[in-house]
Amino acid sequence: EFALHSVGRYFTPMARELLCEEALRMGVDYVLMTDDDMLYPRDLAFRLLAHQKDIVGALAFTRKPPHTPVLYLCDVLYDSVAHIQGPRFRSVLNYPPNALVRCDAVGFGAVLLATRVLRTVPKHWFAKNAAKDTGEDVLFCLEAAKHGFLTYMDTSTKTLTDIEAQAGG
């Protein structure tokens, strides 16, 4: 059984927050988030569900050049000026094709998220997670990991931007 819910005209972190709140209210098992500037395979939901993972994204790339995959590993670095530790994300450029890849974070342009993650990770999941160097989606993956949830990317399920599709991507 599927339900469709759209949240428009909101800042992305807030839209994600509202979508997840509605999913919990509806009692669904998973939330499939897709950005409106991307194209997906028709069977996206089935492909991602087949993995039976708590957080799994489809292969997508950054909008701006050099168009790196939104498949990330995280290093913890010490900022000697601010005297704090913080995450530093690096894109995995040499990922295995057509595989389910364990990673530290994925972009949420096309992601399937089990609502059990939302019931465990304290709110606010996205609205509080803003950083200069990364997005709310990537920081959510880190927060979920603190609660025992792993993140994966399915490199066999690729998204396209509409520009890539027009160019024959």
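**Exercise 1. Find out which side chains meet in the salt bridge of R90, and where the two residues sit.**

Step 1. Start with the pair itself: R90 and D75 meet through their side chains in a salt bridge, 2.8 Å from N to O. The term stands for a side-chain nitrogen of Lys or Arg within 4 Å of a carboxyl oxygen of Asp or Glu.

Step 2. Place the two in the chain. R90 belongs to strand β5 (residues 84-91) and D75 to strand β4, so you're looking at a link between distant parts of the chain, 15 residues apart. Helices (H or I, at least four residues) and strands (E, at least two) are DSSP runs, numbered from the N terminus.

Step 3. Check the exposure. R90 is partly exposed, with a relative accessible area of 42%, and D75 is partly exposed too, at 28%. Here buried means under 20% relative accessible area, exposed over 50%, and partly exposed in between (1.4 Å probe, protein chains only).

A word on the model before you go on: it is predicted, so local features need pLDDT of at least 70 and side-chain atom pairs count only at pLDDT 80 or more, while totals for chains, interfaces and linings use all residues. Residues are numbered from 1 along each chain as its sequence is written, and side-chain values use heavy atoms, leaving out hydrogens and water.

**Exercise 2. Work out how many salt bridges there are, and look at R16 and R63.**

Step 1. The count comes to nine salt bridges.

Step 2. Take R16 next. R16 pairs with D35, and their closest N and O atoms are 3.5 Å apart. R16 lies in helix α1 (residues 12-26) and D35 in the loop between β1 (30-34) and β2 (38-39), so this pair ties together parts that are 19 residues apart in sequence. R16 is buried, with a relative accessible area of 6%, and D35 is buried at 19%.

Step 3. Now R63, whose partner is D37, with the closest N and O atoms 2.5 Å apart. This pair also links distant parts of the chain: R63 is in the loop between β3 (55-59) and β4 (71-79), and D37 is in the loop between β1 and β2, 26 residues apart. R63 is exposed, with a relative accessible area of 59%, whereas D37 is partly exposed at 24%.

**Exercise 3. Trace the sheet that contains β4, and say which strands stand at its edges.**

Step 1. Get the order: three strands form an open sheet, β5-β4-β7, with antiparallel pairing. Two strands pair if DSSP finds at least two bridges between them.

Step 2. Find the edges. β5 and β7 (105-106) each have a single partner strand, so one side of each is left without a neighbour in the sheet.

Step 3. Follow the pairings. β4 and β5 are joined by eight bridges, and among the facing residues are Y72 and S91. At D79, the bridge partner in β5 is I84. Between β4 and β7 there are two bridges, and Y72 has A105 as its bridge partner in β7.

Step 4. Look at the turn. β4 and β5 make a hairpin with four residues between them, and H83 in the turn has a positive phi of about 60 degrees.

**Exercise 4. Do the same for the five-stranded sheet, and find what packs on it.**

Step 1. The order is β1-β8-β3-β9-β6, an open sheet with mixed pairing. β1 and β6 (100-103) stand at the edges.

Step 2. β3 runs parallel to strand β9 (residues 151-158), and five bridges join them. L59 stands opposite K158 in β9.

Step 3. α1 packs on this sheet and touches β1 and β8 (110-114). Contact means heavy atoms within 4.5 Å.

**Exercise 5. Describe the largest nonpolar core and say which helix gives the most to it.**

Step 1. The largest core has 36 residues, and those with the most contacts inside it include M33, L113 and F140. A nonpolar core is a set of buried Ala, Val, Leu, Ile, Met, Phe, Trp, Tyr and Cys residues joined through side-chain atoms within 4.5 Å.

Step 2. Helix α4 (residues 136-146) gives the most, with five residues. Eight of the 11 residues of α4 are buried, including V138, L139 and F140.

Terms used:
Axes fitted to C-alpha atoms, helices over the stretch in contact; angles between N-to-C directions.
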